[in-house]
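Open the structure in your viewer and keep the selection tool handy. We'll stop at a few cysteines, then move on to the ligand.

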Amino acid sequence: MRLQGKSAIVTGGGRGIGKAIAKKFLQEGAQVVICDVEPKRLEQAQEELTSFGEIHSVVTDVTKRDKVMTLVEFTKGKFGKIDILANNAGIARFEPFLEIADENWQATLNINLSGVFLCSQIVAREMKEQKSGAIVNMGSTNGILGEPGLAHYNATKAGVILLGKSMAIELAPYNIRVNSVCPGFILTELALEGGMSEETVREYTSKIPLNRYGKVDEVANAFAFLASDEASFITGTELVVDGGQICQE
Ligand SMILES: NC(=O)c1ccc[n+]([C@@H]2O[C@H](COP(=O)([O-])OP(=O)(O)OC[C@H]3O[C@@H](n4cnc5c(N)ncnc54)[C@H](O)[C@@H]3O)[C@@H](O)[C@H]2O)c1
């Protein structure tokens, strides 16, 4: 119960890794608010997770400041404080660089990078008053090394990692820690919807030293560690969860 007595917001908690993070936080004793832009998804996730502990949900688009303010007010109203922010919401669309449409470039930047900025700034203002907090951002190995077909996505994840480091420096005086988790290949709906064929899945897996794709729970474990007091002297860093993929040439 490493998160006993703590309250947390998980963005993009309607499915995939976000839902797994919310579940893990609940299992570790936290009270959780999940948000997602998809109401049905969110409702289903809340229903699924309710047996694990106190969970609420708020339909929120992380790219809209007023919606994020409402999410934060709701969470404060329920729990009186916000100890943990897991910035997980994100999208990925496979498109060759030469064919990226302006609207896809913009949408990827808005959700993956500006969403992290908005949620972090609004929550960190609360954490500053509390003089404590932990923010964990969803990076990716794609924010460390390039991958064809994902230039916009890669750019946002690199941005998230450095935004996190910059926030870590500026927020340290208020006892707020900021870190990123960088998963490699985790098989979720996002990967499949993004246009990844079964053949590509096999090809990816063969490049991973542990010879398998990652599971959502394995990413959730990293979030729980960085959000917990066990990581009390860890800030401004990234934790790679990729089965060893990027440690080789
Ligand atoms: N799956 C992987 O292999 C992998 C690897 C590295 C990083 N990631 C990152 O992990 C995160 C979650 O990925 P996933 O695979 O679980 O994806 P997913 O599509 O299953 O889940 C993402 C959730 O975010 C929500 N969302 C999208 N736009 C939103 C918005 N504007 N406001 C609020 N919620 C919004 C979606 O509705 C969805 O429920 C993403 O940031 C992704 O980039 C995934």
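Which cysteine sulfur is closest to the sulfur of Cys119, and how far away is it? Select Cys35: its sulfur is the closest one, 6.2 Å from that of Cys119, which is too far for a bond. A disulfide here is a pair of cysteine sulfur atoms within 2.5 Å, and by this rule the count comes to zero.

Before going on, note that this is a predicted model, where local features need pLDDT of at least 70 and side-chain atom pairs 80 or more, while totals for chains, interfaces and linings use all residues. Residues are numbered from 1 along each chain as its sequence is written, and side-chain values use heavy atoms, without hydrogens and water.

Now color by accessibility (buried is under 20% relative accessible area, exposed over 50%, partly exposed in between, with a 1.4 Å probe and protein chains only). Cys119 is buried at 1%, whereas Cys247 is exposed at 68%. The closest sulfur to that of Cys247 is in Cys182, 14 Å away and again too far for a bond.

Next, select the ligand and everything near it (any residue with a heavy atom within 4 Å). You should get 27 residues, with Ile17, Asp36, Asn88, Tyr153 and Thr188 among the closest.

Zoom in on the polar contacts (pairs of N or O atoms within 3.5 Å). A polar side-chain atom of Arg41 sits 2.8 Å from a ligand oxygen, and a side-chain N or O atom of Lys157 is 3.0 Å from a ligand oxygen. From Thr60, a backbone N or O atom lies 3.4 Å from a ligand nitrogen.

Key:
Polar contact = N/O pair within 3.5 Å; in protein donor to acceptor, adjacent residues only side chain to side chain.
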